[in-house]
Amino acid sequence: MRRFRLLLLLFLLIFALNLYAQQLVKPKNIILMIGDGMGLAQISAGKTFKGQLNLEKMKVVGLLTNF
């Protein structure tokens, strides 16, 4: 019974957060930046030249190698 109450509470919390998130202002446009051909060497050169890059302020950054 206790587990059922916990699951019900969790469901209601998720439902309430979902309703709240739908009321928030959603972005009009999303910009996806793809640094094709840009590796760690180019990022290091940019940091040396300019200091802190806007790339470092992003919440999510992905690096991929295929060798």
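Me: Ala, Val, Leu, Ile, Met, Phe, Trp, Tyr, Cys and Pro count as nonpolar, Asp, Glu, Lys and Arg as charged, and the others, Gly among them, as polar. How many residues lining the largest pocket are charged?

Reply: This is a predicted model, where local features need pLDDT of at least 70, side-chain atom pairs need 80 or more, and linings use all residues. Numbering starts from 1 along each chain, and side-chain values use heavy atoms, without hydrogens or water. A pocket is an open set of 1 Å grid points where a 1.4 Å probe fits, with protein on both sides within 12 Å along at least five of seven lines; lining residues have an atom within 4 Å of a point. The lining has 12 nonpolar residues and 7 polar ones, and the number that are charged is none.

Me: Which residues lie closest to the centre of that pocket?

Reply: The largest pocket holds about 480 Å³, as space filled by probe spheres. Of its 19 lining residues, the closest to the centre are Gly35, Met38, Leu55, Val61 and Gly62.

Me: How far apart are the end C-alpha atoms of helix H1?

Reply: H1 (a DSSP run of H or I, at least four residues) covers residues 2-23. Its 22 residues should span 32 Å at 1.5 Å a residue (times one less than their number). The model agrees, with the ends apart by 32 Å.

Me: Is Phe11 buried (under 20% relative accessible area) or exposed (over 50%)?

Reply: H1 is hardly covered, with a buried count of 0. Phe15 is partly exposed (in between) at 45%. At 52%, Phe11 is exposed.

Me: What angle lies between the planes of Phe11 and Phe15?

Reply: There is 1 aromatic pair (ring centres within 6.5 Å). Phe11 and Phe15 are 4 residues apart in H1, so about one helical turn separates them. Their rings are stacked (under 30 degrees), at 6.4 Å centre to centre and an angle of 20 degrees.

How values were computed: Helices (H or I, at least four residues) and strands (E, at least two) are DSSP runs, numbered from the N terminus. Buried means under 20% relative accessible area, exposed over 50%, partly exposed in between (1.4 Å probe, protein chains only). Rings of Phe, Tyr and Trp (its six-membered ring) pair if their centres lie within 6.5 Å; planes under 30 degrees apart count as stacked, over 60 as edge-to-face and the rest as tilted.
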